[in-house]
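Me: I'm new to this structure and would love a close look at its aromatic rings and the details around them. Could you walk me through them slowly?

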Amino acid sequence: MKLIIATQTSLALPLIQDLYARQQLAAVWLYDVTGDDSRQLATQCAMLGIGVQVMDPEKPEALLQHQSVQQADAIVSCYLSFLFPPAMVQALQGKLLNIHASDLPQWRGADPLFWQIGEGAESGCLTLHQIAEQADTGDILYQQMFNIHPYDTHQSLNISLSQYMPLFIGQWLSAGGMDCKPQPQRKFQSEDKPAPRPDIKSTGINWQQQGCLDIFHLARACNPQLGGAAFSFNQDVLYLLEATPVEHPRYGLAAGTIVHIGEPEGLLVACHDGVLRLDIIYLAAGIFSGLRFAERYQLQVGQSFDSYPITKREKLDGRNNSQYNELCR
Amino acid sequence: MDTALRQRNVQATLLSEDHNSEQTFSFHPSLLASLNQQLRTSLTSVSSESEKNWPERISNVLLNSVSHVVSNSSDINLFQQCFQELAGFYCSLDIPAPLRQRQFINNNGLVMSPDYAIRTVLDSARVGTFWQALSSILPQYAERECHLVYPACGPFAPLLLPVLHYLREQQLLPENLQVTLIDIHPAAIQSLAALVESLQLQEMVKVLHQDACDYQAENGSVDILLVEAMQHGLSREGHLNICQHFAPLLAEDALLLPEKISIRAVLTQADDEFPAKPREAGERNTQRVDIGPVLELSRESLRQLDLVRLNDGSELIRCQQVQVPADLNTTIEHILLLTTEMQVYQDLSVTEYASGITHPLPDLSVCIGFEPHNPQPGDLLIKPGDSILFYYRKQGLPGFLPVYVEPA
């Protein structure tokens with residue numbers, strides 16, 4: 001059996017190399033060749049002598065013809081944001097497959113890992129499914145669980161899954177490959193959550209609503225591609241790349257209030273359910289440990305971080321006056 | 001009187017559960033040196049003179065400063081000069097940056113870093129008024145024993161040590177005066193111990209490293225309690241908690257300094273109170289609506305504080321209730337201000353705006369006669385005619401908590 005791997009990132013390279021070594025790789029379909037990562041992948045494929053077909057959304061017929069010429073049994077979409085046109089889905093009749101990193105129909109959407117890490121999931125599921133006209137709804141061919149380490153970031157988990165992908169596809173092939181009987185997804189239920197690409201609101205910290213663990217997980221989910229979980233201080237946006245919930249009294253302080261600045265505890269901030277150490281903060285001036293950021297910019301305990309998107313009162317209320325804003329801090 | 005108070009040497013008693021004073025930091029020596037140099041540069045007090053001159057320099061600047069203040073001929077430059085010299089002395093101690101920059105909140109309030117706390121000396125109205133008061137008060141104890149305690153005094157004990165030094169030079173310092181300085185911050189203790197030694201005040205000054213609210217002594221053993229541990233609106237620091245802790249320790253005729261702190265509730269429009277163009281000296285906001293006292297903290301009121309214990313173990317103090325005038329003009333958005341006046345001793349006061357601690361404190365969570373455009377958790381919407389009861393929150397970041405009162 002020969003497969004075409006459709007992708008746009010070098011994260012698919014371990015799978016491509018493995019299939020190539022097994023002589024089960026028909027070709028690589030590459031989308032978005034303008035990015036550094038996909039160009040790097042194209043170069044690697046060229047070095048291995050792997051045929052690469054550029055995916056042009058305007059020319060699906062070129063892809064169909066290429067599949068026919070390559071006599072590929074299936075096309076496996078892997079780390080791909082390209083949506084196959086319905087005509088192509090129909091024409092390939094079950095040969096168009098996708099690897100989705102969730103237990104479908106839970107976490108349908110463009111970024112299931114973001115939402116699973118953000119929710120603090122300890123495990124996930126790789127799902128190989130047929131591509132249907134509606135995204136992530138096709139019948140399931142094969143599934144495998146994977147673990148999520150408490151310190152995994154979005155990218156570290158992506159890389160782990162990238163390394164795991166050859167084994168996953170290898171096990172599916174051993175189990176029969178395309179001969180495996182597709183199973184319809186279970187019925188979508190109201191508690192099944194969507195996994196859209198994260199927007200400004202979902203990557204922002206809301207000190208009033210999110211607890212220590214919520215923020216700890218959000219920082220991991222936003223690290224590094226999204227630059228960190230956004231919050232603000234004095235109208236400036238900061239990005240939290242790493243945080244740690246710690247045992248420390250919060251003395252009933254309002255969420256977002258700085259409780260402690262100093263060695264060895266670090267920069268500690270009250271949340272509504274405990275205290276969080278801000279370990280790594282990114283801002284335009286550089287990447288700082290929380291403590292070093294606090295010392296460099298002379299933060300004072302008792303000052304408060306604000307949520308993001310910024311809600312701080314003086315910005316919107318027409319009560320903007322620098323003197324009393326200063327006094328309020 | 002506690003015999004321990006007669007001990008001749010400066011003590012730096014360390015909290016058993018806090019080893020920060022003895023902590024060695026694993027920073028490279030050159031990084032620590034660089035951080036200390038950065039502090040010197042930021043304080044613009046780099047000295048080319050040798051360290052052995054510090055006792056003389058500190059002595060001179062303190063004598064000069066206090067004598068000018070006592071004779072009512074001080075100016076702002078005097079305090080700037082005083083700060084420069086004291087800051088230079090502080091830098092010369094080479095206290096490791098991680099220690100002197102450490103700041104935190106504990107159960108009784110905010111503990112600022114000594115690097116920040118040293119700037120208190122620059123608050124001329126506050127410091128000058130206390131100097132005047134103490135230089136007048138202390139000679140009155142010439143004929144009797146006196147135990148003065150100054151909790152949360154910071155790295156310089158700036159309201160007291162200069163006066164002690166000045167009075168001694170004037171031969172006006174009571175022989176039986178015993179002073180206890182208390183601070184929770186180990187870097188402040190290092191600085192205090194060095195300053196006391198530099199001023200050769202070891203015989204009468206004892207330095208204790210502990211939370212002021214953990215200080216134990218015989219009831220009635222404190223003759224003067226000097227405490228100034230607050231930010232504007234009696235907020236953030238542990239002033240009231242400390243006063244409350246010391247109340248039973250005060251002698252029958254003890255002095256509490258400041259004698260009275262008055263907090264009042266005032267309604268005003270933000271632009272009237274804080275105009276874009278700063279007001280002339282002495283010019284006041286005439287558009288304020290004073291709605292009454294919130295708390296008056298004095299020796300007498302300390303005995304009558306109405307303590308409310310909550311289920312979670314935290315404590316509040318029930319303060320005064322005020323009423324918003326029924327005829328308040330709601331075409332403008334009023335904000336609530338908490339104003340502070342501090343009567344230090346008799347007619348010596350720190351008036352509103354004179355010092356950082358007497359600036360009015362706006363409470364933006366209280367919206368009077370309008371609804372905020374961006375409601376936030378904890379907003380208190382108040383209408384004309386409504387009553388507000390103030391509680392004082394003791395834990396964490398102390399401060400006033402206004403609560404709407406249902407009509408009877």
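Reply: Counted over all chains, there are 18 aromatic pairs in this predicted model. Let's begin with one in chain A. The ring centres of A:Phe114 and A:Trp115 are 5.0 Å apart and their planes stand at 85°, so this pair is edge-to-face; the cut-off for that label is an angle over 60 degrees. How buried or exposed are the two partners? A:Phe114 has 2% relative accessibility and therefore counts as buried, while A:Trp115, at 23%, counts as partly exposed. The dividing value here is 20%, because buried means under that figure.

Now look at A:Trp207 and A:Phe305, an aromatic pair that is stacked, with 6.2 Å from centre to centre and 20° between the planes. This pair links distant parts of the chain, since its members are 98 residues apart. You will find A:Trp207 in the loop between helix H6 (154–174) and helix H7 (212–221) of chain A. Its partner, A:Phe305, belongs to the loop between helix H8 (290–296) and helix H9 (313–316) of chain A. Both A:Trp207 and A:Phe305 are buried. They also belong to a wider group: A:Trp207, A:Phe231, A:Phe233 and A:Phe305 form one aromatic cluster.

Rings can have charged company too. In chain A, the charged end of A:Arg296 sits over the ring of A:Tyr297, 5.1 Å from the ring's centre. Chain B offers another example, where B:Arg57 lies over the face of B:Trp54 at 4.2 Å from the ring centre.

From there, let's turn to helix H2 of chain B, which spans residues 54–70. Its axis comes within 9 Å of the axis of helix H6 (residues 124–137) of chain B, and the two cross at roughly 80°. H2(B) and H6(B) are therefore roughly perpendicular to each other. Which residues meet where H2(B) and H6(B) touch? On the H2(B) side they are B:Ser65, B:Val66, B:Val69 and B:Val70, and on the H6(B) side B:Gly128, B:Trp131, B:Gln132 and B:Ser135. Sorted by class, this contact has 4 nonpolar and 4 polar residues, with no charged ones.

A few backbone details are worth a visit as well. Go back to the loop between H8 and H9 of chain A, and you will find A:Pro309 there. The peptide bond leading from A:Tyr308 to A:Pro309 is cis, with omega near 5°. Another cis bond runs from A:Glu263 to A:Pro264, with omega near -5°. A:Pro264 is placed in the loop between strand S10 (258–262) and strand S11 (266–271) of chain A.

Finally, two residues catch the eye for their phi angles. A:Gln93 is not a glycine, yet its phi is positive, at about 40°. Its place is the loop between helix H4 (86–92) and strand S5 (96–100) of chain A. B:Arg236 is also a residue other than glycine with a positive phi, near 70°. This arginine lies in the loop between strand S6 (222–226) and helix H9 (239–246) of chain B. Are these residues buried or exposed? A:Gln93 is exposed, with a relative accessible area of 69%, whereas B:Arg236, at 14% relative accessibility, counts as buried.

Notes:
Residues are numbered from 1 along each chain as its sequence is written. Chains are lettered from A and ligands numbered from 1 in the order in which they are written. This is a predicted model: local features need pLDDT of at least 70, side-chain atom pairs count only at pLDDT 80 or more; totals for chains, interfaces and linings use all residues. Side-chain values use heavy atoms; hydrogens and water are left out. Axes are lines fitted to C-alpha atoms, for helices over the stretch in contact, and angles run from 0 to 180 degrees between N-to-C directions. Helices (H or I, at least four residues) and strands (E, at least two) are DSSP runs, numbered from the N terminus. Angles under 35 degrees count as roughly parallel, over 145 as roughly antiparallel, 65 to 115 as roughly perpendicular and the rest as oblique. Contact means heavy atoms within 4.5 Å. Ala, Val, Leu, Ile, Met, Phe, Trp, Tyr, Cys and Pro count as nonpolar, Asp, Glu, Lys and Arg as charged, and the others, Gly among them, as polar. Rings of Phe, Tyr and Trp (its six-membered ring) pair if their centres lie within 6.5 Å; planes under 30 degrees apart count as stacked, over 60 as edge-to-face and the rest as tilted. Buried means under 20% relative accessible area, exposed over 50%, partly exposed in between (1.4 Å probe, protein chains only). A charge sits over a ring if NZ of Lys or CZ of Arg is within 6 Å of the ring centre and within 35 degrees of the ring normal.
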